[in-house]
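Biologist: Could you take a close look at one loop residue for me, and then work outwards from there to the rest of the chain? I'd like the helix packing and the buried parts in the same story.

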Amino acid sequence: MSHYVGSVTIDVYLRESDCDLRDLTYHARVPMNSARIRVSTRSVDPADANEFWRVVTRPFFVTEPIGADTPLQGSISALPIGTSLIGETTFNAQKYNRSKVVIAESGLDDQYMIQVVLGGLVSGDADGVDFVARPGDIAFFDLGRTWTADVETEATGRTITLLAPRSLVEAESKGRSLHGTVLRGVPAVVLAQCMQSVVLALPHLDPDAAAGYEDVVASLLRVSLGIAEPDLSPRPDHSLRDRAYAYIAEHLSETWLGPTSMCAALSVSRAQLYRAFASDGGIALVIRRKRLELVYRELTRAEMSNETTDALALRCGFTSKSQLARAFKDFYGMTPSQARTDGRRTIGDPSIARLHRRLEFFSP
């Protein structure tokens, strides 16, 4: 299955990074006065480059080198625009894996990553959607869903990357999931030129003016997706998706939350609700995933270490400890107690401002 504009298959990489943010405190620097983030493996000893880059990129995916003899190299230069973050990234040949664990611990599951590929080739599997993005293409990734990728480059790969709320992206796509979608041709040119212009303009603007560029990007995203309309999947009801996500967030701890209660609350049929979330496997799977991600984050918070699993299960919408344990093991491949012992604390946040501060920690 592929969303088009492009397809290719790669292997799934499952090995998780074993480094921890707390192990890299020696990289701390005084935060920059400018809102611009500048992070690079060139700022650290070459012997520390792999570990450094893994931790820098960990909110997004587990990063590994393509070969044992090729250390990881990369840089990020970015600025916030409203509720989004945009900038340039460079990299050598690398492997990426956004696993269920990374999704839960990063807290970025309500964001999209949109990448204009300027150098290199990115190919992979986006939760069952094969994709390949070449220079000039634009790739879309829902950070609430899994994906793996290989990056191939003869020299230095480069992208312009936008992190934007799902609500903004799917408002312009009319509710369609764009996970694994690759735009090419005229639609890609329209959006790519806009994003490149934004990146060039932002360093010369004050933060208030920069925030206005989010509306510019949203408008050009709407135009680009409109041009690509024949190549994209059918439109679900985007307003229904927005209302459903809001309802789930408000009632996630309630054990009665499910398709039946949501249909009644949102005044829609079960078929309408399912169609709106067909690309996610249905609304029941969305609720289950959101609950399990909340459980994982709570288990790995140091201040919650004394809460019993029974209490946590009820607080997160499960009817019992045993129901939680079964669902958790099936989803993450580990027990809640293993996650409490071996997991790391949440390293991201749905807030772009907090992600900005985390990346700023690594700026020289």
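Modeller: Sure, let's start with Ser267, which sits in the loop between α8 (259-266) and α9 (270-276). Keep in mind that this is a predicted model. Ser267 has a relative accessibility of 65%, so it counts as exposed, the cut-off being over 50%. Its backbone is worth a look too: phi of Ser267 is near 55 degrees, a positive value in a residue that isn't glycine. For background, most residues other than glycine have a negative phi.

Ser267 has company in that respect. Asp127 also isn't a glycine, and its phi is positive at about 55 degrees. You'll find Asp127 in the loop between β7 (121-126) and β8 (129-133). With a relative accessible area of 36%, Asp127 is partly exposed.

For a loop residue that is tucked away, go to Met334, between α12 (321-332) and α13 (336-342). Its relative accessible area is 18%, under the 20% limit, so Met334 counts as buried. Setting aside neighbours within four places in sequence, Met334 touches Val101, Tyr296, Phe328, Lys329 and Ala339.

Two of those names come back in a helix pair. Where α10 (residues 283-299) packs on α12, Tyr296 is on the α10 side along with Arg288, Arg289, Leu292, Glu293, Val295 and Leu299. Phe328 is on the α12 side, together with Leu324, Ala327, Asp330, Phe331 and Tyr332. The axes of α10 and α12 are 11 Å apart and the angle is about 95 degrees, so the two helices are roughly perpendicular to each other. By class, this contact has nine nonpolar residues, four charged and no polar ones.

Now set that beside α4 (residues 185-201) and α6 (residues 213-227), which pack at about 170 degrees with axes 8 Å apart. That angle makes α4 roughly antiparallel to α6. From α4, the contact uses Val186, Pro187, Val190, Leu191, Cys194, Val198 and Ala201. From α6 come Tyr213, Val216, Val217, Leu220, Leu221, Val223, Ser224 and Ile227. Sorted by class, the contact of α4 with α6 has 14 nonpolar residues, one polar and no charged.

What about the cores? The largest nonpolar core has 34 residues, and Val56, Met113, Phe131 and Trp147 have the most contacts inside it. Helix α1 (residues 49-57) gives the most to this core, with four residues. Apart from it lies another core, of 29 residues, including Ile86, Met195, Val198 and Ala228. Val198, you'll recall, is also part of the α4 contact with α6. As a general matter, nonpolar side chains in soluble globular proteins tend to be buried together.

One more buried spot is Leu85 in strand β4 (residues 84-91). Leu85 has a relative accessible area of just 4%, so it is buried. Leu85 and Ala211 are 126 residues apart in sequence, yet their C-alpha atoms are 9.9 Å apart in space.

Zooming out, the protein chain has 14 helices and twelve strands, and 55% of its 364 residues count as buried. Among contacts between residues at least 6 apart in sequence, 77% join residues at least 24 apart. The chain exposes about 15600 Å², with carbon and sulfur atoms supplying 53% of that.

Methods
Residues are numbered from 1 along each chain as its sequence is written. This is a predicted model: local features need pLDDT of at least 70, side-chain atom pairs count only at pLDDT 80 or more; totals for chains, interfaces and linings use all residues. Side-chain values use heavy atoms; hydrogens and water are left out. A nonpolar core is a set of buried Ala, Val, Leu, Ile, Met, Phe, Trp, Tyr and Cys residues joined through side-chain atoms within 4.5 Å. Buried means under 20% relative accessible area, exposed over 50%, partly exposed in between (1.4 Å probe, protein chains only). Contact means heavy atoms within 4.5 Å. Accessible areas come from the Shrake-Rupley method with a 1.4 Å probe; for residues, only the protein chains shown count as cover. Axes are lines fitted to C-alpha atoms, for helices over the stretch in contact, and angles run from 0 to 180 degrees between N-to-C directions. Angles under 35 degrees count as roughly parallel, over 145 as roughly antiparallel, 65 to 115 as roughly perpendicular and the rest as oblique. Ala, Val, Leu, Ile, Met, Phe, Trp, Tyr, Cys and Pro count as nonpolar, Asp, Glu, Lys and Arg as charged, and the others, Gly among them, as polar.
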